[in-house]
Each structure stands twice: as structure tokens, then as C-alpha cells.
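Visitor: I would like to go through this structure with you, one topic at a time. May I begin with the charged side chains?

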Amino acid sequence: MNAWPGVIEHYRPWMRLAEGVEPVTLLEGNTPLIPLPRQAAELGASAFYVKYEALNPSGSFKDRGMTAAISQAVHDGAKAVICASTGNTAASAAAYAARAGLRCIVLVPRGKVAAGKLGGAIAHAAEVIQVEGSFDQALEMVSTLAAERAIALVNSVNPFRLEGQKTAAFEICDALGRAPDWLALPVGNAGNITAYWMGFTEYHSRLGSGLPRILGVQAEGAAPLVLGHPVDKPETVATAIRIGRPARGEQALQAARESSGRIIAVPDEAILQAQQALAGEGLWVEPASAAGLAGLQREVAAGRLSLAGSTIVCVCTGHGLKDPDIVTTRAAKPRVIPVEMDSLRDLVDR
Ligand code: AN7
């Protein structure tokens with residue numbers, strides 16, 4: 001059997017993990033790079049791909065980082081892990097902690113976590129604590145507690161998270177045979193953009209795979225890296241990136257600078273429209289995941305970005321199933337009919 005073994009087994013020589021770390025894996029990674037020729041045409045690019053991270057075991061890219069962080073935590077003798085989360089980190093930590101038999105504690109901003117994410121954390125029996133505050137405040141609390149207790153912090157301030165997440169950049173280079181010209185992705189706590197840039201630069205220095213320009217995209221109501229200062233009360237429909245003090249903000253700005261890219265902000269409405277555009281291609285992603293495409297569309301429409309001849313990869317970080325309420329509450333309710341053929345014919349023929 002030559003099956004995919006998960007990101008640690010596949011990319012171990014490229015990852016800085018302690019020697020002898022046993023992978024705690026759910027066979028994450030190896031996600032598809034899906035070509036969307038209609039979007040390429042609309043953006044004026046020669047090729048456009050979605051790196052569909054929704055197809056990881058817990059439904060988001062966090063699993064790549066979590067396999068590394070949890071494996072290392074077990075190696076280091078941890079019995080419990082903790083994180084703050086807008087939802088996906090919590091669901092992923094809960095899944096991998098369950099796999100490893102660890103206690104898992106997650107702090108989430110009360111009332112601001114999408115149903116599919118909270119459900120995941122609860123399903124895997126994590127101890128879910130709702131904080132009457134923001135993600136940023138919850139992250140401060142778990143950081144303080146992790147420093148006091150023998151509990152491993154598995155937010156992306158944990159360097160092993162980045163070691164895992166950078167493998168997505170490797171997969172993209174492996175699939176394309178080189179780096180794309182642009183990589184667009186949402187930016188919240190800024191771990192992922194940091195990990196991608198790390199991955200691309202490491203692959204390039206060893207394999208000469210080239211480097212992409214990075215377009216990081218925040219929501220306008222939660223855009224500290226665009227404004228240049230923290231946002232105390234971040235607000236956006238894309239609750240995954242409702243973050244006002246990104247822990248790796250400096251590194252995100254560095255990734256944008258070094259790659260000759262940029263970090264921009266888009267309004268919620270643009271995010272929801274991009275989500276609809278992706279759904280129209282058969283890809284249902286959660287709102288935050290559509291930010292990358294929204295950012296590309298906005299820059300192209302404003303004449304700030306010309307993609308002629310370019311290969312673009314847009315990272316779709318989490319599944320639409322995570323946050324079904326966003327689409328069901330905005331759309332018309334499905335029609336109800338009695339069990340009568342005429343009612344059905346009426347609706348279909350009209
Ligand atoms: C779907 O789960 O921060 O910039 O606590 O869930 O690395 O934070 C989630 C972030 C993008 C932003 N897309 O990534 C959490 C959390 C989705 C996300 C991001 C998140 P980072």
C-alpha cells in the first residue's frame with residue numbers, strides 16, 4: 001500500500017521536529033489544488049487554482065499545524081493542551097487531542113463561533129469555555145495559564161504549528177512544479193501567512209522552486225495589519241478572522257514585504273460575494289476562506305493588480321459546512337409542498 005501517510009511522515013526531513021517524535025495523525029494534508037478556469041478568465045490570469053484545505057480531517061487547514069503541535073506535545077510529555085480559538089483551531093485541537101488521548105481545553109469568544117466548529121470541539125469532548133470577550137483576550141488568558149501550568153499551548157504562537165502548516169506551500173510547489181506567481185489567503189492571527197512564506201522560502205532555497213508574491217486579506221472590520229494598529233473590537237461576518245491583535249502580525253507584514261506582495265482589507269459584502277462565486281464553482285467554503293478571492297477581485301477591479309500570464313493560487317482554509325447559518329439565513333427558505341404531483345409541477349414549470 002502506498003497511501004498518503006499524513007504531513008509529518010511525508011515531509012519529515014523538511015520539518016523541525018524533535019528526533020523520535022511519533023506522529024499523531026489523522027492523515028491530514030494532500031489536499032487538492034483545484035483549477036477554476038472561469039475565475040482565471042475573470043481575473044485575467046492564465047491559471048487560477050484553489051488549494052482546498054476544507055478537505056482536511058476536521059475541515060480546515062489547522063490540522064496540518066495541529067498534527068505537528070500535538071505530536072511534539074506528546075513527545076514532550078504533555079498530558080493536556082489548551083488554545084484560544086475563533087473555532088477551527090478548537091475543533092482541530094480537540095480532534096488531535098482525542099486521537100492522542102490528551103485533555104483538551106479551548107477558550108472561545110462567547111456567541112461568535114460558527115456552529116460546525118463549536119460542534120466539532122464538543123464532539124471530540126474538549127472542555128469548551130466561552131469567554132465574554134474577544135479572541136485576542138482569550139489568547140492572552142490561555143498564554144498566561146500555559147506559562148503557569150504543565151499545559152501545552154497549541155495556538156500558532158507554538159512554532160510547531162508553523163512547521164506543520166508550511167507543508168501546504170510544499171504541496172503547492174510539488175503539484176505545480178514551481179511556486180505560483182501569487183498566493184492569496186485570509187489573515188487572522190497571521191500564523192498561516194507566516195507558515196506559507198516560511199514554506200515557500202525553504203523550498204526555494206533547497207529546490208529553486210521560485211517564490212510567490214503574497215496577498216494577505218483581512219476583513220475591513222478586523223484589519224489591524226492594514227490600519228497599522230490593533231483593533232479592540234473587531235467585527236466581521238467572517239468570524240474565523242475576527243481578530244484584532246494578530247500574534248504573528250509582524251511576521252505577516254514581513255512576508256508581504258519580502259515577497260513584494262501586500263496585505264489588504266475587503267468589506268464583508270465582498271467576502272460573501274466571493275463565497276457565492278466559489279459556491280457557483282462547486283466549492284463551498286466558509287466566509288473567511290473566500291477572503292483571498294475577494295481580495296484578488298478587488299485589486300484587479302481597482303487596477304492595482306494585473307495578472308496577465310500569471311498562475312494564481314487562492315487558499316480556501318475552511319469548509320462551508322463549518323458555518324451553514326451564514327448561507328441559510330441569507331437565502332430564501334426552501335419551498336414546502338404537500339405530497340402532490342401538481343404542486344411539484346407548478347414549482348418546476350413556473
Ligand atoms: C477558516 O481557529 O484563528 O491568520 O482560532 O479559521 O493563521 O489565524 C482561525 C483562523 C483563516 C486565519 N481561515 O488564519 C482559530 C483561528 C480560517 C480560519 C484563518 C482562520 P491565521
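Visitor: Is Arg 298 buried, partly exposed or exposed?

Guide: This is a predicted model. In it, Arg 298 counts as partly exposed because its relative accessibility is 35%.

Visitor: Which side chain does Arg 298 meet in a salt bridge?

Guide: Its partner is Glu 220, with an N to O distance of 3.8 Å. Arg 298 belongs to helix α13 (residues 291–301), while Glu 220 sits in the loop between β8 (213–219) and α10 (224–227), so the salt bridge ties together parts that are 78 residues apart in sequence. Glu 220 is also partly exposed, at 44% relative accessibility.

Visitor: How many salt bridges are there in the whole structure?

Guide: A search finds 22. One of them pairs Arg 16 with Glu 163, at 3.0 Å from N to O. That pair links distant parts of the chain, 147 residues apart: Arg 16 is in the loop between α1 (7–11) and β1, and Glu 163 is in helix α7 (residues 159–165).

Visitor: And how accessible are Arg 16 and Glu 163?

Guide: Arg 16 is partly exposed at 48% relative accessibility, whereas Glu 163 is buried at 4%.

Visitor: What about Glu 235; which residue does it form a salt bridge with?

Guide: Glu 235 pairs with Arg 242, and their closest N and O atoms are 3.1 Å apart. Glu 235 is partly exposed, with a relative accessible area of 40%, but Arg 242 is buried at 10%.

Visitor: Which residues do salt bridges with shared partners join into one network?

Guide: Arg 16, Glu 163, Lys 166 and Glu 202 are joined in this way.

Visitor: Let us change to aromatics. How many aromatic pairs are there?

Guide: The count comes to 6 aromatic pairs. In one of them, Phe 170 and Tyr 203, the ring centres are 4.4 Å apart and the planes lie at 15°, so this pair is stacked. Phe 170 is in helix α8 (residues 167–176) and Tyr 203 in helix α9 (residues 191–207), which puts the two 33 residues apart.

Visitor: Are those two rings' residues, Phe 170 and Tyr 203, buried or exposed?

Guide: Phe 170 is buried at 0% relative accessibility, and Tyr 203 is buried with a relative accessible area of 5%. Phe 170 and Tyr 203 form one aromatic cluster with Trp 4, Tyr 11 and Trp 14.

Visitor: Now the strands. Why is β2 described as largely enclosed?

Guide: Strand β2 (residues 47–52) has 5 of its 6 residues buried, so the rest of the structure largely encloses it. It runs antiparallel to strand β1 (residues 33–35), to which 3 bridges join it. It runs parallel to strand β10 (residues 311–316), with 6 bridges between the two.

Visitor: Which bridge partners does Tyr 49 have in those strands?

Guide: Tyr 49 of β2 is the bridge partner of Pro 35, and in β10 its partner is Val 313.

Visitor: Last topic: which residues form the nonpolar surface patch?

Guide: Ile 337, Met 341, Leu 344 and Val 348 form it, with about 360 Å² of accessible area together. Met 341 lies in helix α15 and is partly exposed at 48% relative accessibility. Val 348, in helix α15, is exposed at 61%.

Visitor: And Ser 343; is it buried or exposed?

Guide: Ser 343 is found in helix α15 (residues 341–349) and is buried, with a relative accessible area of 15%. Leaving aside neighbours within four places in sequence, Ser 343 is in contact with Ile 337 and Pro 338.

Conventions:
Residues are numbered from 1 along each chain as its sequence is written. This is a predicted model: local features need pLDDT of at least 70, side-chain atom pairs count only at pLDDT 80 or more; totals for chains, interfaces and linings use all residues. Side-chain values use heavy atoms; hydrogens and water are left out. Rings of Phe, Tyr and Trp (its six-membered ring) pair if their centres lie within 6.5 Å; planes under 30 degrees apart count as stacked, over 60 as edge-to-face and the rest as tilted. Helices (H or I, at least four residues) and strands (E, at least two) are DSSP runs, numbered from the N terminus. Buried means under 20% relative accessible area, exposed over 50%, partly exposed in between (1.4 Å probe, protein chains only). Contact means heavy atoms within 4.5 Å. Patches are made of residues with over 30% relative accessible area and no salt bridge: like charges are joined within 9 Å, nonpolar side chains (Val, Leu, Ile, Met, Phe, Trp, Tyr) within 5 Å. Accessible areas come from the Shrake-Rupley method with a 1.4 Å probe; for residues, only the protein chains shown count as cover. A salt bridge is a side-chain nitrogen of Lys or Arg within 4 Å of a carboxyl oxygen of Asp or Glu. Two strands pair if DSSP finds at least two bridges between them.
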